[in-house]
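Please open the model in a viewer and keep the sequence at hand. The tour below proceeds selection by selection.

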Amino acid sequence: MSTRKDLRRIRIKRAIRAKIAGSAERPRLTVYRSNTAMYAQLVDDVAGKTLFSATSYTKGKVSNNIESAKSVGLAIADKAKAAGITKVVFDRNGYLYHGRIKSLAEGAREGGLQF
């Protein structure tokens with residue numbers, strides 16, 4: 001069952017995705033925020049492939065707070081730097097840029113990604 005808030009986020013998400021796209025040289029860093037975990041992916045939209053992913057979910061431990069979001073940002077930045085990717089396009093996926101989303105972005109920037 002959808003709520004107004006979900007429909008609003010989906011509308012914003014579609015507007016963002018109409019303007020940005022990732023490539024192999026500059027992939028799209030997309031984030032997803034669930035009630036239990038944070039997820040981040042680097043996506044090459046030209047080839048239609050997910051290059052790397054990171055999550056705050058670890059075996060036996062679930063955390064979804066600002067600190068774990070920052071660690072997800074650092075983890076995705078480490079994977080990208082190992083592959084030689086330094087520039088990305090940030091896709092906040094319709095979420096407001098504050099709290100966990102902002103923390104993930106700051107963690108990715110600290111890890112060396114530019115966007």
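Begin with the largest nonpolar core of this predicted model, a set of 20 residues in which Leu29, Phe90 and Leu104 have the most contacts. Colour strand 1 (28–33), strand 2 (38–44), helix 2 (66–82) and helix 3 (100–110): each of them contributes at least two residues to this core. Helix 2 provides the largest share, with five residues.

Next, select leucine 29 and display its surroundings. Beyond its neighbours within four places in sequence, leucine 29 is in contact with residues including Ala40, Leu42, Ile76, Phe90, Ala108 and Phe115.

Now show the backbone of strand 1 and strand 2. The two strands run antiparallel and are joined by six bridges, and a hairpin of four residues leads from strand 1 to strand 2. Within this pairing, threonine 30 has glutamine 41 of strand 2 as its bridge partner.

Then add strand 4 (residues 89–91), which pairs with strand 1 in the parallel sense through three bridges. Here phenylalanine 90 of strand 4 stands opposite leucine 29.

Finally, select the aromatic rings. Three aromatic pairs are counted. Phenylalanine 90 and phenylalanine 115 form a stacked pair, 5.1 Å centre to centre with 15° between the planes. Because phenylalanine 90 belongs to strand 4 and phenylalanine 115 to the segment after helix 3, this pair ties together parts 25 residues apart in sequence. Is each ring buried or partly exposed? Phenylalanine 90 counts as buried at 17% relative accessibility, whereas phenylalanine 115, at 26%, is partly exposed. Add Tyr97 to complete the view: ring pairs link Phe90, Tyr97 and Phe115 into a cluster.

Notes:
Residues are numbered from 1 along each chain as its sequence is written. This is a predicted model: local features need pLDDT of at least 70, side-chain atom pairs count only at pLDDT 80 or more; totals for chains, interfaces and linings use all residues. Side-chain values use heavy atoms; hydrogens and water are left out. A nonpolar core is a set of buried Ala, Val, Leu, Ile, Met, Phe, Trp, Tyr and Cys residues joined through side-chain atoms within 4.5 Å. Buried means under 20% relative accessible area, exposed over 50%, partly exposed in between (1.4 Å probe, protein chains only). Contact means heavy atoms within 4.5 Å. Two strands pair if DSSP finds at least two bridges between them. Rings of Phe, Tyr and Trp (its six-membered ring) pair if their centres lie within 6.5 Å; planes under 30 degrees apart count as stacked, over 60 as edge-to-face and the rest as tilted.
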